[in-house]
Amino acid sequence: MEGETSWVINCFEDSTRGIGEFDSFSELSDEGSKEVNAVSVDLILPDDLLERILACLPVASIFRAGCVCKRWHEIVSSRRFLWNFSHVLPQKPWYFMFTSSDEPVGYAFDPILQKWYGIDLPRIKTSNWFIASSCGLVSFMDNDSRSELYVCNPITKHCRKLQESPGLKFPDYSALAISVNRISHGYTISIVKSKQVPGNFFQWDLSIHIYDSDTRMWVTSCTEVLTGWRGGDESVICGGVLYVLIYSAGGGSPETRHGLITYNLSSRSSHGLLISFIKVPCPLTCGRLMNLNEKLVMVGGIGKQDRPDIIKGIGIWVLNGKDWQEIARMPHKFFQGFGELDDVFASSGMDNLIYIQSYGAPALLVFYFNQKRWKWSQKCPVTKRFPLQLFTGFCFEPRIEMAP
């Protein structure tokens, strides 16, 4: 299919079969008739210097380099190379777009090379699973029993199944988050579960469960009954603090349809969660939380003044203390470019990039946070097959040295 590059599959197949010899090359002079012998860089550079050069390449280029010749394949597969790669700057996040509601198939967008790649995700069965990512690792949790939980590297396909989390077996709402330590490669996973108190629409049980990869154990850190508020499916870990978007359980003004609560994962205070309540900056149709360089960022649908449940635009805010600072609002031409944009939409981001996607179309908009610049991605190599086909996705940092 045009625009698709299945480099992951091809290179892994090549690595299992063995790498053939790399053909020598030649250059033509400006006259076009005189052949000039080229000196191969492969013959000049020692292994350690070549390793450092290759470690600075984008991930997609590293996989291609591993297919060049046997020596390069051995270099990019070595432990020393992975150590060198772990010390380079964070990679720009890719965006994986699901193209089917029934199967975990889709394409990943590389913002550096502006290409889409065909990638098969391990373990995940459908696109409606809960998904969270951090520093090269992605966590998947099923949306039915919520008992299947995996941590995977979508690039290398390394995967680990975790034991089922404690607490409510069938919560009404769940929110998944993961935070990876870049130095130790350890990770923390949080699941926030929310269930209505029987016979009381305004009261909701909310519990926070924390998994530590070092101890490989779950701990139920907090259980509380919220009055007038319930949990949802949106949370993120940022700077050692768990942020959870909560929703009004009925009544109140449009400005109070959403709110934010925080939970410090280090101190694990037993004080009431609503004490940490933070108002949202304006009436929202939905909110998406993300960690951009340890700053909490929210992308939200801005509701109309007279109809707060109808979206009129999209805004981006960063949290400073308990105050929201508006970073940008989507220009009208991009807002119109989505066609029919639902009141809810998919959005995720990390580092300097934020991705925004309509559930109704495969169009993907990229916001460059530092430059305050909006840009459409290259067109995803998929077409909408029927009117009610839904698209969604998530972003992740492509890393080859991270393993669960």
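**Exercise 1. Strand 7 and its partner**

Find out how strand 7 (residues 130-134) sits in this predicted model: is it enclosed by the rest of the structure or not? Then work out which strand pairs with it, and in what sense.

*Solution.* Start with burial. In strand 7, 4 of the 5 residues are buried, so the rest of the structure largely encloses this strand. Next, look for the partner. Strand 8 (residues 137-141) pairs with strand 7 over 5 bridges, and the sense is antiparallel. For a single example of a bridge, take Ser134, whose partner in strand 8 is Leu137. Finally, look at the turn. The two strands form a hairpin with 2 residues between them. Cys135 belongs to that turn and has a positive phi of about 45 degrees.

**Exercise 2. Positive phi in loops**

Where in the chain do Arg123 and Lys157 lie, and what value does phi take in Arg123 and in Lys157?

*Solution.* Begin with the general expectation: most residues other than glycine have a negative phi. Now take Arg123, where phi is positive, near 75 degrees. Arg123 belongs to the loop between strand 6 (115-118) and strand 7. Turn next to Lys157, where phi is likewise positive, near 75 degrees. Lys157 is placed in the loop between strand 9 (149-152) and strand 10 (159-162). Last, check accessibility: the relative accessible area of Lys157 is 29%, so this residue is partly exposed.

**Exercise 3. Cysteines**

How many disulfides does a search of the whole structure find, and are Cys69 and Cys152 buried or exposed?

*Solution.* First the count: the search finds 0 disulfides. Then apply the cut-off, by which a residue under 20% relative accessible area is buried. Cys69 has a relative accessible area of 11%, so Cys69 is buried. Cys152 comes out at 1% and is therefore buried too.

**Exercise 4. Aromatic rings**

How many aromatic pairs does the structure hold, and how are the rings of Tyr173 and Trp204 arranged?

*Solution.* The count comes to 19 aromatic pairs. In the pair of Tyr173 and Trp204, the ring centres are 5.9 Å apart and the planes stand at 50 degrees, so this pair is tilted. Now place the two residues in the chain. Tyr173 is in strand 11 (residues 173-180) and Trp204 is in strand 13 (residues 203-212), so the pair ties together parts 31 residues apart in sequence. Compare their surroundings: Tyr173 is partly exposed at 29% relative accessible area, whereas Trp204 is buried at 5%.

Another tilted pair is that of Phe367 and Trp374, with 4.5 Å from centre to centre and 45 degrees between the planes. Phe367 is buried, with a relative accessible area of 1%, and Trp374 is buried as well, at 12%. To finish, look for a group of rings: Trp94, Phe96, Phe98, Tyr117, Phe140, Phe394 and Phe396 make up one aromatic cluster.

**Exercise 5. Charges over rings**

Which residue has its charged end over the ring of Tyr173, and which residue lies over the face of Phe369?

*Solution.* Return to Tyr173: the charged end of Arg230 sits over its ring, 4.0 Å from the centre. Then move to Phe369, where Lys372 lies over the face at 5.3 Å from the ring centre.

**Exercise 6. Two loop residues**

Where do Ser358 and Ile310 lie, and what do their surroundings look like?

*Solution.* Take Ser358 first. Ser358 is in the loop between strand 25 (353-357) and strand 26 (364-368). With a relative accessible area of 1%, Ser358 is buried. A polar atom of its side chain lies 3.1 Å from the backbone nitrogen of Gly360.

Now turn to Ile310, in the loop between strand 21 (295-303) and strand 22 (311-320). Ile310 is partly exposed, at 26% relative accessibility. Setting aside neighbours within four places in sequence, the residues in contact with Ile310 are Thr285, Ile302, Gly303, Lys304 and Asp343. As a last step, compare sequence with space: Asp342 is 32 residues from Ile310 along the chain, and their C-alpha atoms are 8.5 Å apart.

**Exercise 7. The whole protein**

How many helices and strands does the protein have, and what share of its residues count as buried?

*Solution.* The protein has 7 helices and 28 strands. Of its 404 residues, 51% count as buried. For the contacts, consider those with a separation of 6 or more: residues 24 or more positions apart account for 55% of them.

Terms used:
Residues numbered from 1 in each chain as written. Predicted model: local features only at pLDDT ≥ 70, side-chain atom pairs only at ≥ 80, totals over all residues. Heavy atoms only, no water. Helix = DSSP H or I, 4+ residues; strand = E, 2+ residues; numbered from the N terminus. Buried < 20%, exposed > 50% of the residue type's maximum accessible area, 1.4 Å probe, protein only. Polar contact = N/O pair within 3.5 Å; in protein donor to acceptor, adjacent residues only side chain to side chain. Contact = heavy atoms within 4.5 Å. Pairing = 2+ DSSP bridges. Disulfide = S-S within 2.5 Å. Phe/Tyr/Trp six-rings, centres within 6.5 Å; stacked < 30°, edge-to-face > 60°. Lys NZ or Arg CZ within 6 Å of the ring centre and 35° of its normal.
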